[in-house]
Amino acid sequence: MKNIISYFPDDTLRDVTSLFRRQKNISVSGASNASAKAMILSQVLKKNKDAIKNVLWVVSEENEQSIIKKALEVWGDAPVFVYKKRPDEEVVNFPTMREFKETKNKELVEFVSRVFLSEGAVFIVDFPSLLQNFPDIKEFLSN
């Protein structure tokens, strides 16, 4: 099932991939469901490996993240990472505030480092998580 995209003729998604090559970016919004978008993205990634460093897929609701991750793994072979900022209410699940903050910072640093060090990966992030302060990459590298 991993190579399901091979069952679709190459010219099926040609128009979208051609548009990407001409415009260097595309946005597919409101076009069917997550699986269809994942299929299109997987084809674009396959045909343009050298032109794409990483992809950021922003979702409006966090419950979409796991659905999209699974669809991308079915349709393609790009590494897929999901990030969601840990909500402050989760502090009750930790023995101390310090441990909570350390875990939260560790998850943020792991996400930023994956974005910086990965190539050809897809990062699925919910919109509220993008509103937080991210570390400056120069500061991040120097530390």
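**Exercise 1. The surroundings of S129**

Determine which backbone atom the side chain of S129 reaches, and at what distance.

*Solution.* Step 1. In this predicted model, the side chain of S129 lies 2.8 Å from the backbone nitrogen of K85.

Step 2. A polar contact of 2.4 Å joins the side chain of S129 to that of D126.

Step 3. S129 belongs to helix α5, which covers residues 127-130.

Step 4. The relative accessible area of S129 is 1%. Because the limit for a buried residue is under 20%, S129 is classed as buried.

Step 5. When residues up to four places away in sequence are left aside, S129 touches Y83, K84, K85 and F134. K85 therefore appears both as a residue touched by S129 and as the owner of the backbone nitrogen that the side chain of S129 reaches, where contact means heavy atoms within 4.5 Å.

**Exercise 2. The order of the elements**

State how many helices and strands the chain has, and how its elements run from the N terminus.

*Solution.* Step 1. The chain contains six helices and three strands.

Step 2. Starting at the N terminus, the order of the elements is α-α-β-α-β-α-β-α-α.

Step 3. Among contacts with a separation of 6 or more, 69% are between residues 24 or more positions apart.

Step 4. The chain has 143 residues, of which 31% count as buried. Its accessible surface is about 9,600 Å², and carbon and sulfur atoms account for 53% of this.

**Exercise 3. The span of two helices**

Compare the expected span of helix α2 with the distance between its end C-alpha atoms, and do likewise for α4.

*Solution.* Step 1. Helix α2 comprises 14 residues, 34-47. The expected span is 1.5 Å times one less than the number of residues, so α2 should span 20 Å.

Step 2. The end C-alpha atoms of α2 are 20 Å apart, which agrees with the expectation.

Step 3. For the 21 residues of α4, the expected span is 30 Å; the end C-alpha atoms are 30 Å apart, again in agreement.

Step 4. The buried residues of α2 are K37, A38, M39, I40, L41, S42, Q43, V44 and L45. In α4, the residues F100, K104, L108, F111, V112 and S113 are buried. The cover over these buried residues of α4 includes β2 (80-83), β3 and α6 (137-142).

**Exercise 4. The nonpolar cores**

Identify the residues with the most contacts inside the largest nonpolar core, and the elements that each supply at least two of its residues.

*Solution.* Step 1. The largest nonpolar core has 17 residues, and L41, W57, L72, V122 and I124 have the most contacts inside it.

Step 2. At least two residues of this core come from each of α2, β1 (54-59), α3 (64-75) and β3 (121-126). The largest share, six residues, is that of α2.

Step 3. Another core, of seven residues, lies apart from this one; L108, F111, A121 and F123 are among its members.

Step 4. L72, in helix α3, has a relative accessibility of 3% and therefore counts as buried. Beyond residues up to four places away in sequence, L72 touches A38, L41, S42, W57, V80, V122 and I124. L72 and S42 are separated by 30 residues in sequence, yet their C-alpha atoms are 6.9 Å apart.

Step 5. With the same exclusion, I124 touches W57, V59, Q65, I68, K69, L72, V80, F81, V82 and Y83.

Step 6. In soluble globular proteins, nonpolar side chains tend to be buried together.

**Exercise 5. Aromatic pairs**

Classify the geometry of the pair F94 and F100, then that of F111 and F123.

*Solution.* Step 1. The structure holds five aromatic pairs.

Step 2. The ring centres of F94 and F100 are 5.4 Å apart and the planes meet at 65°. Since planes over 60 degrees apart count as edge-to-face, this pair is edge-to-face.

Step 3. F94 counts as buried at 19% relative accessibility, and F100 is buried with a relative accessible area of 3%.

Step 4. F111 and F123 also form an edge-to-face pair, with 5.8 Å from centre to centre and 85° between the planes. This pair links distant parts of the chain: F111 is in helix α4 (residues 97-117) and F123 in strand β3, twelve residues apart. Both F111 and F123 are buried.

Step 5. One aromatic cluster is formed by F81, Y83, F111, F123 and F134.

Technical notes
Residues numbered from 1 in each chain as written. Predicted model: local features only at pLDDT ≥ 70, side-chain atom pairs only at ≥ 80, totals over all residues. Heavy atoms only, no water. Helix = DSSP H or I, 4+ residues; strand = E, 2+ residues; numbered from the N terminus. Buried < 20%, exposed > 50% of the residue type's maximum accessible area, 1.4 Å probe, protein only. Polar contact = N/O pair within 3.5 Å; in protein donor to acceptor, adjacent residues only side chain to side chain. Core = buried A, V, L, I, M, F, W, Y, C linked by side-chain atoms within 4.5 Å. Phe/Tyr/Trp six-rings, centres within 6.5 Å; stacked < 30°, edge-to-face > 60°. Areas by Shrake-Rupley, 256 points an atom, 1.4 Å probe, with all protein chains shown as cover.
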